[in-house]
Amino acid sequence: MDPRRLPEFGGFVPMSFFVELNKQNVAESPVLDEPWRELRWGENQMNLKYVQKYKPEQDDIRYLRVLLYGPVGAGKSSFINSVSNVLRGRMTIPALASAMTSDKSFTKKYETHKFIKGRGSTKTFYPLVYNDIMGLEDGTNRGVHADDIKLALRGHVKEGHKFNPVAPLTQDDPGYNPTPSADDKVHVLVCVMSANTPQMNLSVLEKMKSIREAASDLGIPQMAVMTHIDEACGETERDLRNVYKSKYLRKKMKDFSSAVGIPMNCIFPVKNYSEEIDMNDDVDALILSALRKMVDFGDDFIERI
Ligand SMILES: Nc1nc2c(ncn2[C@@H]2O[C@H](COP(=O)(O)OP(=O)(O)OP(=O)(O)O)[C@@H](O)[C@H]2O)c(=O)[nH]1
Ligand SMILES: [Mg+2]
């Protein structure tokens, strides 16, 4: 019998129907069957303890300093807030993030963020600090100057210095610190980029490259966090545990890795706390996974200096 004359269809079925059926069967799934990177989702407490207990061994280094840089609006300030939330186990907002989309950086000053440990008379700070910085913008004389970030790497930028995109910091400037201590210097450099943006701008990429080269010359370890993974991939938005199954996010990470030159095993996808009002274990698991590596890489560097 002609397969197109199936009785249940009561007559003739057009061939395009079968072609369509076949297409649906072979339509590619956006997720892999197995994650390409193993993440143990149930180990939050262990990872949290690891980070909370960390203390640099050297006497002259009170803090392990992490410097974040990246394009405007990538989620640098939000990442600091997320780290603070995870360390303190509740929602906090130490770094102001901007809810407005703009091509101009919301963060303008060089600011160190410390995280409170304990309460009342036992109040101290974790020996892990983050420096937030103005975002990199497209074009010359816009956004933070790459030379200013290079000075920050060596500890020459004073706390509270307001970045001037037109004139990078010089030695005569009051914002210049001529005698940085060992813990004014940066111990880990972290690039923050969003998974939810199309290809990165060439001039921003050039700035990132020169910052990376300066950090490499100083031997500073470098890694990256890829934010906005929820907005970039529907499967990951539905369930964060799909992050390492998402073909789209894997491709995005690979593209980013080759564009900026940071190896895949130093790139960590995260979802920042943005619209949640309560803590979430899966959000924490990704933040902690990146945080643990920042502590390890930074500590390795501190051990070497
Ligand atoms: N959905 C989602 N939103 C995010 C994420 N990370 C940041 N955001 C939002 O993105 C916006 C910009 O984030 P910011 O943290 O201010 O970005 P920034 O890199 O500090 O920006 P500048 O200081 O302007 O350079 C805010 O509205 C955040 O709530 C994320 O992982 N997922
Ligand atoms: Mg900011």
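User: In which sense do E1 and E6 pair, parallel or antiparallel?
Analyst: Happy to help, and note that this is a predicted model. The two strands are joined over four bridges. One link to look for is Leu-67, whose bridge partner in E6 is Leu-189. The sense of the pairing between E1 and E6 is parallel.

User: What is the bridge partner of Leu-67 in E5?
Analyst: E1 also pairs with E5, again over four bridges and in the parallel sense. Leu-67 takes part in this pairing too, and its partner in E5 is Asn-131.

User: How many of the residues of E1 are buried?
Analyst: Let's take the strand one face at a time. On one side, Leu-64, Val-66 and Leu-68 are buried, and on the other side Arg-65, Leu-67 and Tyr-69 are buried as well. Both faces of E1 are therefore covered, and the count of buried residues is six of six.

User: Which residues touch the most other members of the largest nonpolar core?
Analyst: In soluble globular proteins, nonpolar side chains tend to be buried together. Here the largest nonpolar core holds 74 residues, and helix H9 (residues 281–304) gives the most to it, with eleven. The members that touch the most others are Leu-67 and Val-190.

User: Leaving aside its neighbours within four places in sequence, which residues is Val-190 in contact with?
Analyst: Val-190 belongs to the core just described. Its contacts include three residues numbered in the range of E1, which spans 64–69: Val-66, Leu-67 and Leu-68. The full list for Val-190 is Val-66, Leu-67, Leu-68, Met-223, Ala-224, Val-225 and Met-294.

User: Why is helix H4 largely enclosed by the rest of the structure?
Analyst: Helix H4 covers residues 146–153. Among its buried residues are Asp-148 and Lys-150, along with Ile-149 and Leu-151. The helix is largely enclosed because the number of its eight residues that are buried is seven.

User: Which elements do the buried residues of H4 pack against?
Analyst: The buried residues in question are Ala-146, Asp-148, Ile-149, Lys-150, Leu-151, Ala-152 and Leu-153. They pack against three strands and a helix, namely E1, E5, E6 and H5.

User: Which residue with a positive phi follows H4?
Analyst: Look just past the end of the helix, which closes at residue 153. The phi there is near 85°, and the residue is Gly-155.

User: Is Gly-160 buried or exposed?
Analyst: Gly-160 is found in the loop between H4 and E6. Apart from neighbours within four places in sequence, it is in contact with Lys-109, Tyr-110 and Glu-111. A residue counts as exposed with 12 or fewer other C-beta atoms within 10 Å. Gly-160 has 10, so it is exposed.

User: Which helix gives the most to the shell around ligand 1?
Analyst: The shell has 21 residues, and the closest are Gly-75, Ser-78, Ala-97, Thr-107 and Gly-135. Two helices give two or more residues to it, H3 (76–88) and H6 (229–232). With three residues, the helix that gives the most is H3.

User: How many residues of the shell around ligand 1 are polar?
Analyst: The shell divides into three kinds of residue. Five are nonpolar and four are charged, while the number of polar ones is twelve.

User: How many helices and strands does the chain have?
Analyst: Stepping back, the C-alpha atoms fill a box of roughly 90 × 45 × 35 Å along the principal axes. Of the chain's 305 residues, 38% are buried. The chain has nine helices and eight strands.

Technical notes: Residues numbered from 1 in each chain as written. Chains lettered and ligands numbered in written order. Predicted model: local features only at pLDDT ≥ 70, side-chain atom pairs only at ≥ 80, totals over all residues. Core = buried A, V, L, I, M, F, W, Y, C linked by C-beta atoms within 7 Å. Buried ≥ 20, exposed ≤ 12 C-beta atoms within 10 Å, placed from the backbone. Contact = placed C-beta atoms within 7 Å. Near = placed C-beta within 6 Å. Nonpolar A, V, L, I, M, F, W, Y, C, P; charged D, E, K, R; others polar. Pairing = 2+ DSSP bridges.
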